[in-house]
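Here are some friendly notes to read alongside the model. Take them one at a time, with the structure open beside you.

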Amino acid sequence: MPEHLIPTHALLGGWVAVGLTLFIFSFLYKDNPLFKTGEHLYVGVSVGYSVVVVWYEVFIRLVWQEVTKGNYEPTIPVMIGLLIWTRFIPRIAWLSRLAFAFVVGFGSGVAIPRIVSSYILKQIEDTVTPLVTMGTGGISMSFDLANPQSGINTIVLLVGVFSVLFYFFFSVEHRGAGYVAARTGVYFLMIGFGASFGYTVMSRMSLLIGRFADLKTFASAAYGYATPILLAVTVISLGIWEKTRRRGDEP
Amino acid sequence: MTFLRRQLPLAITLIMGVTFALQYYIPHPISEDAITHLSKWMQIISGFALVLGLASLFQVHATKIRRKVPGWGYSVILYLAMLVTVLVGLFWSKGQTRVDGLQTGFGWIYDYTMVPLQATMFSILAFFIASAAYRAFRARSREAALLLAAAIVVMMGRVPLGQFLLPWTWDITQWLLNVVNSAARRAILIGVSMGAVALSVKIILGYERSYLGGGKDQ
Amino acid sequence: MKEFARRMISIDRRIIFLLIALATLLPLLHPFGLPIKVSPEVRGVFDHIEGLPKGSVFFLSLDFDPSSKPELEPQAIALLRHAFRKDLRVIGMTHWLTGTALADSIFVSVAKEMGKEPGKDYVFLGWSPGTGSLVIAMGQDLYKAFPTDYAKSATLGMPVLQGVRNLRDVNYLVSLAAGNPGIEMWYVFGKDKYRFEMGGGSTGVMAPGLYPFLRSGQINGLIGGLQGAAEYETLIGVMGKAVAGMDAQSADHFVIISLVLLCNVFYFVLRGEKGRPANA
Amino acid sequence: MTLVSILLLVLLPGAAFAAPFPLTPPEDVRALDTPNDAGKSISVVWKASPADSKERRVEIWMAEGGANQAKLEFKKITEFASNTRYIKPGDFPWWDQPAPKGDHYGKVPSSQAFPIEDGKPYTAKLVMRAGDQEVSSPVSEAISRPDWFNLAQINNLAFVLAFTGILLASINAARRNPHMYLRRIAGLDAVEEAIGRSTEMGRPILYLTGAGDMGEVPTIAATVILGEVAKKVAHYDTTLKIPHRDPIVMAVCQEVVKEAYAEAGRPDAYREDFNFFITSDQFSYTAAVDGIMMREKPAANFFMGSYFAESLLLTETGASTGAIQIAGTDSDHQLPFFVTTCDYTLIGEELYAASAYLSREPVLVGTLRGQDFGKAIIMAALILGTALATLGVAIQSDAVNYVLDLFKDFK
């Protein structure tokens, strides 16, 4: 592939990206200065990025542009926002409490009915469904496990929700029937966690695949073999660091 | 003074909380207007709150550099990275990562440092999962055994090779996710939500005050 | 036997690191291309978009940042390709500050590929703070919440937003989420009140927790992780990064499953001994 | 879901034999102010008919002005198949429904083509059309008004108020009697065993308080449990190691441990260096703690509080050193890893319950109790509701909705 296809800034970018990726991967060997550098660079850049975005999106877009248009409403939240910042000045730091009270009060109030609606009532509503259906042949119950809405699955769901709720019920001893219910709850929980476990493994592997796919791209001739060259450099650096460190440790 | 410091914040929380909890049940335009304005305000206020978080990070590393604690050099790196990003972002690229389809300096920093760093940070967990799979994921109890069995079925059922070798894992995975997992998750959701409602109620009524933090006389 | 088990269980973990690296790398270099089966969850989202008439308003919220790029970027690309192919009007945004530029570049690159113009066929609003409050603000008045888009053009009067006053005028909304703020937040503060139809896509980590919402119809479809993205790519017939990664994913899962099984075999062999299998 | 299909089944024979029915206008047409809205909208309800079918279409026509006005200019607003827009169970609660379930309901919001203002009368009529034939219904008038309360959501409000009442009552009860009954958390017995084993082996105990700061519930729970652990450790001569990543949490933990030693009567055995600060960086902290585990081989590792991706790295190393590991967290994304790598795990709310059980702090105990009441109500609703819903299908009765609607989410 002709090299001139990749502009200089992208070429440089590719090398930087590969280098930083390998810095982070070096943690697999052990915690080391290359990794720490990468980690701190990451925090620094993301804080810097956030500052710039907040500046433009909040202070310019939502406040300054509105005020210059003659809409002075944003000055009220700006005042409250400034109160939050009094936290930096110990003598009047208590003023920030007024702002927090405002924000937290609003947040809590807004949350209550919405949580009840979406996370409690709606969930009960969907769990409480008839186990049987009325068809032409009279009442029947579906035992089709493949259909999540079938009668048998409705029972499984009901038993599951009930027993897990019971497991987290602290006012009675788990004895007798309670023991059975709580154990059932634990088994449901464990299968649920198992599914999460499988999915989390899947997720992490996907991330690795994504990184390797990028490294593969940058390993091409068009990028000047960035990946293999920088890999060698990283390994050698780690070797040197290990040597100097040992020497430093011994005396 | 104590009124201003102690009772007034609690009163504000109470009024705001009750008002905006009730707002939900009131469809009248006046109530709609109130939430429209307030939500817009909150948008701006959260911008200020974000700065608070960033600033505290700033402080932590400033202290490290000042006291020259071991590893303070990394804090310097952090500062430099931040400074360069802010300067490039504010003064050179004017907050734009792209102008007329062309990458700006700010965009370059984002694409070639932040993206690979952040993406790689969590991809190393893949390696640790592998090593933990070999050394730590043991069926040490009946519960753990059940968990691992479910996990293995899901791991098989969710990838093409598993579906190809053992097609039944697909069906079982679907059932586990849609029925058993849904049940467990739903119960957890209901439980956690009750906790969240209880916390909100306690905040509004002044039983819970840790969010006020800061300053003395707590 | 026990001696062997003891020695096996205490091998250097870097050997396992190497194993997983190879299992990822080799299929990427030499894919074997297994067929991908589509689940009803993913089909839910696809079918809904497929059924939308031309010019419908499709809202795509990319609620993630670069740390979940490998999983959610392919989902976003596949959804956008589908929406643009169906000539929907697309509105994009993100609730994740550090994901803003990434979300923008996804929109720009897919739009370019499909010959779509900003302002006319789609708009990327960018990021704004507030999460739940922001959704309420958009539900009441989109133009107050986002006076300008990410490229700093005024949103009011944009051809793509014609007839759109607030979230009530959105026909379908999909949130691709790596955590909170994401799908649940969009439901609680958005769909619950403003009544648009909604679907979701998420990282694998999040996906199992979203099934209660899928069951109750609070979301009408769910794209889970890279596998979900691969299924969507299969549905629209344009293979991308997700399908390309599935072979490596298969290999990785098999390595992990084998490791877990081995680990437990050794554990049971050693369990009879006094104390626990110690010392790595 | 199923009720809908039953409804359709009942109505389907009608649809199948639609042709023989003569074309009649929709019956009992009634215009009304759309319930529970912000105004600027009128709704129309009418009776379902066995003649409703896909081929017969209903059109809503609206006009400005009252029904008795001399000249009304009707405009066609919308049209749809006559066998759609039924009121289904779940659309409206029984205490606030514009028409019985099974009837038709159509909403006409204000639009550019037909703006609706509050306080002015509007008149509606329905036209039934089949092919080129059409018949019109009598007209009906309504005035749109914004509403001050959404009656459909009164069950939501009732739930909030009842739960608040229960919560406050429980907290007050707990203030009077902080030792009210809570079941013993099984995981706490494991704590005892772990400490005993450490003493036997003469190795230290490692205790982590998680990634959160002092404002987070799981971190607070972690410090409460630390107090209990420290009290037990103080009785033996075992070393505690508590590495920190947040200076404020460290300061709190120092106090907690000191107090626990004093309470156990061993203030002399307390050492300031039980608690020590490492770093706030996630992975560097993890690497350092892993180092401690490898070098000092603690006999027991405790992981309490909130955790992120580092959980796996910590517990894996701990498992490989053969330590007893006990975890307690509400970070649900990490729970699967804790369960498989630790000997005992306090799952989610169990962590809060453990801290309430140990501290006997009235607000904690009362909250736990209040939530238990709430859960009991929900569990009862689940069982009774399913039984009733099933019964409703079996005896073909809508009467069960009087109870079922109480636990539905209406808009």
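1. Let's begin with the cysteines. This is a predicted model, and a search of the whole structure finds zero disulfides over all chains. Take C263(C): it is in no disulfide, and the nearest cysteine sulfur, that of C342(D), is 14 Å away. C263(C) also counts as buried, because its relative accessibility is 0%.

2. Why is C253(D) not bonded to C342(D)? The closest cysteine sulfur to that of C253(D) is in C342(D), 19 Å away, so the two are too far apart for a bond. A disulfide needs the two sulfur atoms within 2.5 Å. C253(D) is buried too, with a relative accessible area of 0%.

3. Now turn to where chain B meets chain A. The contact involves 113 residues of chain B and 110 residues of chain A. Between them the two chains bury about 10400 Å², and 81% of that lies on carbon and sulfur atoms. On the chain B side, F48(B), Y74(B) and R186(B) lose the most area to chain A, together 8% of what that side buries.

4. R186(B) deserves a second look. Its side chain meets that of D126(A) in a salt bridge, at 2.8 Å from N to O. Two salt bridges are found across this interface, along with 18 residue pairs in polar contact.

5. Which helix gives the most to the side of chain B that touches chain A? That is α7(B), with 25 residues. The residues on this side divide into 75 nonpolar, 28 polar and ten charged.

Methods
Residues numbered from 1 in each chain as written. Chains lettered and ligands numbered in written order. Predicted model: local features only at pLDDT ≥ 70, side-chain atom pairs only at ≥ 80, totals over all residues. Heavy atoms only, no water. Buried < 20%, exposed > 50% of the residue type's maximum accessible area, 1.4 Å probe, protein only. Contact = heavy atoms within 4.5 Å. Buried area = accessible area lost by both parts, 1.4 Å probe. Salt bridge = Lys/Arg side-chain N within 4 Å of Asp/Glu carboxyl O. Polar contact = N/O pair within 3.5 Å; in protein donor to acceptor, adjacent residues only side chain to side chain. Helix = DSSP H or I, 4+ residues; strand = E, 2+ residues; numbered from the N terminus. Nonpolar A, V, L, I, M, F, W, Y, C, P; charged D, E, K, R; others polar.
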